[in-house]
Amino acid sequence: MATKASQGRNGWFEGNGKLWGAVAAGVVVGFAANLGRKAAMQAVTGGAAGDWFETLKAEHRITMKVFDLIEATEDDQTVRRGLLLAKLKYSLSKHALEEEDVVYPALRDAARKDVADKLNHDHGYIKTYLYELLEMPKDSPAWIAKIRELRALIEEHVREEEEEIYPSFHASLSDEQNARLTTLINKEGFSYN
Ligand SMILES: [Fe+2]
Ligand SMILES: [Fe+2]
């Protein structure tokens, strides 16, 4: 194909066309293989990369960025508010699944049932806020006031997790136990995508 590509104008175009076809096919195959590898890593090995506490902290930061975007909207930007609320709900729901299905049960296993139950209780109210925000008219000042209430609730919840609960829990576990939790939250997160 390379020699044909160098043979005169028509040959060049023909060869080049074939070359680009091959490149495009390669990109598609490579992309699919990449997705497959990612899926296999997250679903089977659980994605040994990373650490459950770091992952959850990063997700907390993303949630706060979505709040920043929502709080920057005006009352008449109802479509944007609806889209950002959907984004907020998605990131909170994925995160809640990772915590409620893995981290909180592990806390209960480690004799920290009261702490896990309190955090789970907060999650219930966070879902209630999301429900109310979906139902309320998005062009009213009451809507953005409720967003700020939800943000305050989540900020306090995040503070408890990041400063009071997770550091000592993480430190109390062996490397193997922390790696296992990382595997399990990656599986939960992946199943939600
Ligand atoms: Fe939480
Ligand atoms: Fe969290």
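These are my notebook entries on confidence, helix packing and the iron site in a predicted model.

**Entry 1, confidence.** I looked up the pLDDT before anything else, and found that the chain averages 82, with 75% of the residues scoring at least 70. Residues 1-47 have a pLDDT below 50, and beyond near neighbours in sequence this stretch has 30 contacts in the model. Where pLDDT is low, the predicted coordinates should not be read in detail.

**Entry 2, α3 against α4.** I looked up how helix α3 (residues 52-71) sits against helix α4 (residues 78-109), and noted an angle of about 160 degrees with the axes 10 Å apart. Because angles over 145 degrees count as roughly antiparallel, I recorded α3 as roughly antiparallel to α4. The crossing of this pair is left-handed. On the α3 side the contact includes Trp-52, Leu-56, His-60 and Phe-67, and on the α4 side its residues include Leu-88, Leu-92, His-95 and Glu-99. By class, I find 11 nonpolar, 4 polar and 6 charged residues in the contact of α3 with α4.

**Entry 3, α3 against α6.** I then turned to helix α6 (residues 141-172), which packs with α3 at an angle of about 165 degrees, the axes being 11 Å apart. These two helices are therefore roughly antiparallel, and α3 and α6 cross in a left-handed sense. Their contact divides into 15 nonpolar, 2 polar and 9 charged residues.

**Entry 4, α4 against α6.** For α4 and α6 I noted axes that come within 13 Å and cross at roughly 25 degrees, which makes α4 roughly parallel to α6. This crossing, too, I entered as left-handed. Among the residues that meet are Leu-92, Glu-99 and Tyr-104 in α4, and Ile-154, His-157 and Glu-161 in α6. The contact of α4 with α6 holds 14 nonpolar, 2 polar and 3 charged residues.

**Entry 5, the iron site.** Which residues coordinate the iron ion (ligand 1)? I listed Glu-99 (OE), Tyr-104 (OH), His-123 (NE2), His-157 (NE2) and Glu-161 (OE), at 2.1 to 2.3 Å. The spacing of these donor residues in sequence reads E-x4-Y-x18-H-x33-H-x3-E. Tyr-104 belongs to helix α4 and His-123 to helix α5 (residues 113-135), so this pair ties together parts that are 19 residues apart in sequence. I also looked up the iron ion (ligand 2): Glu-99 bridges this ion and the iron ion (ligand 1), and the two ions lie 3.3 Å apart. Glu-99 had already appeared in my notes in the contact of α3 with α4, and in that of α4 with α6.

Technical notes
Residues numbered from 1 in each chain as written. Chains lettered and ligands numbered in written order. Predicted model: local features only at pLDDT ≥ 70, side-chain atom pairs only at ≥ 80, totals over all residues. Heavy atoms only, no water. Axes fitted to C-alpha atoms, helices over the stretch in contact; angles between N-to-C directions. Parallel < 35°, antiparallel > 145°, perpendicular 65-115°, else oblique. Left-handed = near helix turned anticlockwise from the far one by under 90°. Contact = heavy atoms within 4.5 Å. Nonpolar A, V, L, I, M, F, W, Y, C, P; charged D, E, K, R; others polar. pLDDT = per-residue confidence, 0-100. Donors = N, O, S within 2.8 Å, 3.2 Å for Na, K, Ca; no water.
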